[in-house]
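Q: I should like to go through this model with you. Please start with the terms.

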Amino acid sequence: MSGNHVVYGFLRPYSESILPEHELEILHYESNPPPDDILQQGAVSVPLSDHYRNWAKRTLWETTKFPSLVRERKSDVVLTVSGALIPRCPVPQAVLCQNPWCYRPIVHRNWKERLKARLQRVGYSKAFQHAGLMLYISDHLRSLYAADNQGRKECPHEIAYVGLNEDTFEAAREHADLSRDPYSILSVSAMAAWKGAHTLVDAVAILRKRDIPATLRLVGPWPDSDYEQRIRNQVNSLKLADAVEILGRVSDEELHRQYAINQVYALPSHCESYGIPAAEAMAFGTPIVSTNCCAIAEICQPAGLFGPVEDPQWTADALQELLTNQTNWQTLSEAAKTRAATLTWQECVKPFSKIERLATGS
Ligand SMILES: Nc1nc2c(ncn2[C@@H]2O[C@H](COP(=O)(O)OP(=O)(O)O[C@H]3O[C@H](CO)[C@@H](O)[C@H](O)[C@@H]3O)[C@@H](O)[C@H]2O)c(=O)[nH]1
Ligand SMILES: O=P(O)(O)OC[C@H]1O[C@](O)(CO)[C@@H](O)[C@@H]1O
């Protein structure tokens with residue numbers, strides 16, 4: 001879901017900085033071409049059949065066909081966005097690392113996902129040791145790679161935080177005067193089971209027992225219909241139908257309005273390599289409640305409260321603090337805006353400047 005935001009978010013200012021002095025060719029799935037403005041800057045589109053969208057097919061294609069494509073195109077350096085090293089690639093590779101999933105057994109639902117994770121860890125490990133440059137979207141993600149590769153020599157690396165789109169900053173400015181719904185909590189994500197919506201529902205039940213009229217809005221698609229049903233059942237059995245609203249996927253405009261009108265953004269997740277919605281919420285001055293086992297604590301540190309995962313009691317206490325202590329809320333809200341202002345793409349792309357050095361070997 002977040003792949004395009006991350007990859008093209010970086011490539012837009014990056015292509016601007018290297019073109020026309022250098023050439024940039026973007027290999028992409030046919031149905032997902034690069035944005036027009038990047039092509040208009042002079043980047044070249046190289047489409048690949050959607051047949052290879054399947055992870056196993058893509059990996060086989062990369063191993064068997066990609067090296068000859070690189071030779072044919074006379075590329076000097078490859079930027080791969082899969083987090084793994086492409087085998088037999090004849091030129092140096094910079095590897096953009098975005099995904100933490102292969103390191104987190106809790107997200108693997110069946111044997112196919114477990115097998116994919118095992119194979120990915122091999123590719124990630126090769127990258128950790130042999131890439132020309134690793135670009136991690138958080139230090140947290142780097143530490144997951146490092147923990148799985150203890151005792152192995154680490155190749156050069158940089159942390160490149162994910163930027164916020166200009167339209168997010170713009171919407172935050174436009175909505176600056178909207179009033180916040182009292183006691184309102186917003187969670188935005190692709191609502192997979194490890195994102196912790198069940199913990200938030202339990203936390204809201206605790207707050208209601210404390211006579212705090214908390215409301216929870218869950219925004220984002222539900223990739224796992226069993227989990228969605230579990231949450232609906234939980235809401236019903238806790239008699240929280242008037243407190244929890246399940247909105248599903250909403251438009252960008254509505255998403256921005258939600259960031260602006262809710263008091264707190266919460267995602268008690270097991271596993272985030274960054275947490276784009278949390279960063280977006282910060283742009284709107286909305287403080288964060290999340291866990292300290294994922295990257296959100298690193299990305300949003302001054303702007304929220306971070307605690308144990310699967311802990312409704314701690315989550316309820318943190319939410320209560322931000323829903324009821326106006327002074328603390330104001331401090332964290334200001335910190336959120338200040339932190340978000342540092343996450344422009346122009347700033348975040350800076351570590352990419354090291355890619356060029358791979359081509360010249362300097
Ligand atoms: N318009 C709209 N956008 C949504 C909605 N729900 C989510 N999004 C957008 O979809 C993206 C989801 O981002 P993450 O929650 O960060 O995505 P993920 O699929 O769990 O991604 C993983 O990789 C990301 C980096 O590529 C990491 O940021 C993340 O932590 C995680 O590891 C964000 O840009 C968010 O704004 C919705 O209902 N409507
Ligand atoms: O390399 P993998 O594990 O197939 O991951 C692909 C996923 O990674 C992302 O590009 C970024 O999280 C998603 O958009 C996409 O679904």
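A: Helices here are DSSP runs of H or I with at least four residues, strands are runs of E with at least two, and both are numbered from the N terminus. The model is predicted, so local features need pLDDT of at least 70 and side-chain atom pairs pLDDT 80 or more, while totals for chains, interfaces and linings use all residues. Residues are numbered from 1 along each chain as written, chains are lettered from A and ligands numbered from 1 in written order, and side-chain values use heavy atoms, without hydrogens or water.

Q: Which helix gives the largest share of the lining of the second largest pocket?

A: Helix 5 does, with six residues. A pocket is an open set of points on a 1 Å grid over the protein atoms alone, where a 1.4 Å probe fits and protein lies on both sides within 12 Å along at least five of seven lines; lining residues have an atom within 4 Å of a point.

Q: Which helices supply at least two residues each?

A: Helix 3 (55-64) and helix 5 (111-130) each do so for this second largest pocket.

Q: And which residues lie nearest its centre?

A: Of the 16 residues that line the second largest pocket, Thr59, Ala84, Leu85, Leu119 and Gly123 lie nearest the centre.

Q: Turning to ligand 1, which residues come nearest?

A: There are 28 residues around ligand 1, and Lys195, Val250, Asp252, Glu272 and Glu280 come nearest. A residue counts if one of its heavy atoms lies within 4 Å.

Q: Which helices feed that shell?

A: Helix 10 (252-261) and helix 11 (276-283) each supply at least two residues of the shell around ligand 1.

Q: Why does ligand 1 lie between domain 1 and domain 2?

A: Ligand 1 lies between them because domain 1 (2-163 + 345-360) and domain 2 (166-341) both give residues to its shell. The bounds come from an automatic or database domain assignment.

Q: Which ligand atom does the backbone of Val250 approach?

A: A backbone N or O atom of Val250 lies 2.7 Å from a nitrogen atom of ligand 1. Asp252 also places a polar side-chain atom 2.7 Å from a ligand nitrogen.

Q: What about Ser273?

A: A polar side-chain atom of Ser273 is 2.7 Å from an oxygen atom of ligand 1.

Q: Now the backbone: is the peptide bond from Leu19 to Pro20 cis or trans?

A: That bond is cis, with omega near 0 degrees. Pro20 belongs to the loop between helix 1 (3-18) and strand 1 (25-29).

Q: Is the phi of Tyr183 positive or negative?

A: Tyr183 has a positive phi, about 60 degrees, although it is not a glycine. Tyr183 sits in the loop between helix 7 (166-174) and strand 7 (184-188).

Methods: Polar contact = N/O pair within 3.5 Å; in protein donor to acceptor, adjacent residues only side chain to side chain.
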